[in-house]
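Trainee: I am new to this structure, and I would like to learn how its descriptive terms are reached.
Mentor: Then let us look together and set each value against its definition.

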Amino acid sequence: MSSGKVYARLSEVFALAPVIPVITIEDAAAAVPLARALVAGGLRVVEITLRTDAAVDAARAIVAEVPEAVVGVGTVLTRADLERAARIGAAFAISPGVSLDLLQAAALGDLPFVPGIQTASDLITCVTRGYELVKFFPAVPAGGLATIDALGGPFPTVRFCPTGGIGEANAAQWLAHPKVVAVGGSWVAPVADIKAGAWATIEARARRASALLPYSQAAQA
Ligand code: 3PG
């Protein structure tokens, strides 16, 4: 798929909700009730991280049984992870970092890919290959909004989905930045709440998160 089409498709996905819950799931049976709680709270886009043995089955179950959810597969570190994400039927794949191998593999397939960046060098790797929508990870430890401001100088067209250290207390501040399309984080559905089946708590958190306005929508309101 051309980089322009990938950017357009990803921009549509990232406009569906201001917050993308980053999910680490240890029991695939929890996936469908979890996704239903998030969708009920207004968060349709989820990132299922490939950090557990249950992740693939969990992502597959959501794709099959929760059609309103848009499933991204995260913690994509290798070409094999990218292929796994495509087989699951994910809407996109997302990585905490970037490598030439990942970008080459992504360019061969149809699955929109969001590389992760932290530095200007990472951005050169991405931008010179047509990737202009990137994850900024770990956002808070890597300098926060000041880093996005600084990177905006040499890379004025890049848009960011920051994750890492973002929570209910600071999400609105991140979303108010014109270069931020959405934010991600584990705070909406933490591992302990998933284990406990605390769907109502997760839904309430999702509802508060979904009420946040990204800059693009706040500017029109
Ligand atoms: C990610 O992969 O995006 C992070 O693990 C999310 O970071 P957080 O746990 O600080 O929200």
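What follows is a short conversation about the ligand site and the helix packing.

Mentor: This is a predicted model, in which local features need pLDDT of at least 70 and side-chain atom pairs count only at pLDDT 80 or more, while totals for chains, interfaces and linings use all residues. Residues are numbered from 1 along each chain as its sequence is written, and side-chain values use heavy atoms, with hydrogens and water left out.

Trainee: What makes the approach of R51 to the ligand a polar contact?
Mentor: A polar contact is a pair of N or O atoms within 3.5 Å, and a polar side-chain atom of R51 lies 2.5 Å from an oxygen atom of the ligand. For K135 the corresponding distance to a ligand oxygen is 2.8 Å, and for S186 it is 2.6 Å.

Trainee: Why is α2 called oblique to α3?
Mentor: The axes of helix α2 (residues 31–40) and helix α3 (residues 55–65) come within 8 Å and cross at roughly 55 degrees. Angles under 35 degrees count as roughly parallel, over 145 as roughly antiparallel, 65 to 115 as roughly perpendicular and the rest as oblique, so α2 is oblique to α3.

Trainee: How do you know that α3 and α4 are roughly parallel?
Mentor: α3 and helix α4 (residues 79–88) pack at about 30 degrees, with their axes 9 Å apart, and the two helices are therefore roughly parallel to each other.

Technical notes:
Polar contact = N/O pair within 3.5 Å; in protein donor to acceptor, adjacent residues only side chain to side chain. Axes fitted to C-alpha atoms, helices over the stretch in contact; angles between N-to-C directions. Helix = DSSP H or I, 4+ residues; strand = E, 2+ residues; numbered from the N terminus.
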